[in-house]
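Got your viewer open? Load the model below and let's take a walk through it, one selection at a time.

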Amino acid sequence: MVAMQTLAITFGVLLVALSLADVFQSVVVPRAVGRRLRPSFYMSRVTWFLWPRLMWVIYPRSSDRREDFLAMFAPFNLVLTLMLWSLLMLIGYGSIFFALRESIHPELATLPEAFYFAGASFFTIGFGDFVGNTGWTRLISLAAGASGFGVISTTTAYLFAIFGAFQTREQFVVTVGARAGSPPSGVGFLEVAQLTHTVGGLAEIMRGAQRWAATLMETHLAYPILAYFRSSHDDESWVGTLGTLLDASTMLLSTVAEYDGEAKIFHTIGRHATYDLARYFHVDSESQDVGVTLAEFNEACDRLEKCGYTLRDRAESWDRFRAIRGAYAPNLNSLARFFEAPPLRWIGDRSILIRPHHVQKP
């Protein structure tokens, strides 16, 4: 009997400690944390593994509905994570109370009654139908109430932090989308700058991109759920925006004769963000595949020349382009595939979405 009580209490304490540690690392710690012994991480990975597959079963023919379905994942996962933490703590405290059932009045007769008492304490309901008789049971009841209050309050603050970071991220995504064509691309970004006579402002845009990429890296590693939030606009995503800016900076560094040094600084930060995020989500690649054919590169060069850019020697530019883009393209494409990002030029599956509102009249 004593051995069973000790085992139940030990199990309950470990489960509560595991849950509280998961909450602390996920919500409070403002940096990337380890994934071991974190139930929420494994639940998110399993859920995301199933979610896109379920999407294709439900909406095999409607791309718009598939995108809407993917957009539901992050909010759903937030609620599911809170439920997981609460459930684990209820099971943990319920196991402890059941082991100490003789110290509770009236005595807990079944395990469901122990879970009920744990729930009443955790959610601070306090019906009073069960009451702890000893100091230990009363102390554990208070601990359960404090745990429940702490989880709810910190999660509420967590939501505000996530939505604030999401809005900041999306403001820049929309800005780049307006400057990079539709669907956005690195080549389109440079074309629009030339055609709108805003090439002189590229340095300022790249400085803004540097701040955005640094913020993206810090927030999405500290709060990984942010990476799953979809953009509210067609054919746009944080992965696509990062890739668009990296491709634009790569063309400036390798091909365009006049380039601004701010592009090189952004490229360093953007490549760092791509590598760290791909490694965190276990989609990093050792490949050096540039992901672009020579014909595609020449077509991009023709477009840039046509709109007024002066280009370097094609052969030398191609060699430099391959060396620069090969350092980030595999990880970028892995992120695009993992997060089911809308396909863009050179990013993801490299197809271009054709929609009626994208067709411009001559």
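Here is a short tour of some charged pairs, two cysteines and a surface patch. Keep in mind that this is a predicted model.

**Stop one: salt bridges.** The whole structure has 12 salt bridges. Select Arg303 and Glu191, whose closest N and O atoms are 2.4 Å apart. Arg303 sits in helix H11 and Glu191 in helix H7, so this pair ties together parts that are 112 residues apart in sequence. Arg303 is buried at 19% relative accessibility, and Glu191 is buried too, at 17%.

**Stop two: a small network.** Now pick Glu204, Arg207 and Glu262, which are linked in a network of salt bridges. Between Arg207 and Glu262, the closest N and O atoms are 3.2 Å apart. Since Arg207 belongs to helix H8 and Glu262 to helix H10, the pair ties together parts 55 residues apart in sequence. Arg207 is partly exposed, at 31%, while Glu262 is buried, at 16%.

**Stop three: the cysteines.** Select Cys301 and Cys307. Why is Cys307 not bonded to Cys301? The sulfur of Cys307 is 11 Å from the one in Cys301, its closest cysteine sulfur, and that is too far for a bond; a disulfide needs the sulfurs within 2.5 Å. Cys301 is buried, with 0% relative accessible area, and Cys307 counts as buried at 15%.

**Last stop: the surface.** Show Tyr116, Phe123, Ile125 and Phe127, which make a nonpolar surface patch of about 410 Å². Zoom in on Phe127, in the loop between helix H5 and strand S2. Phe127 is exposed, with a relative accessible area of 57%.

Conventions
Residues are numbered from 1 along each chain as its sequence is written. This is a predicted model: local features need pLDDT of at least 70, side-chain atom pairs count only at pLDDT 80 or more; totals for chains, interfaces and linings use all residues. Side-chain values use heavy atoms; hydrogens and water are left out. Buried means under 20% relative accessible area, exposed over 50%, partly exposed in between (1.4 Å probe, protein chains only). Patches are made of residues with over 30% relative accessible area and no salt bridge: like charges are joined within 9 Å, nonpolar side chains (Val, Leu, Ile, Met, Phe, Trp, Tyr) within 5 Å. Accessible areas come from the Shrake-Rupley method with a 1.4 Å probe; for residues, only the protein chains shown count as cover. A salt bridge is a side-chain nitrogen of Lys or Arg within 4 Å of a carboxyl oxygen of Asp or Glu. Helices (H or I, at least four residues) and strands (E, at least two) are DSSP runs, numbered from the N terminus.
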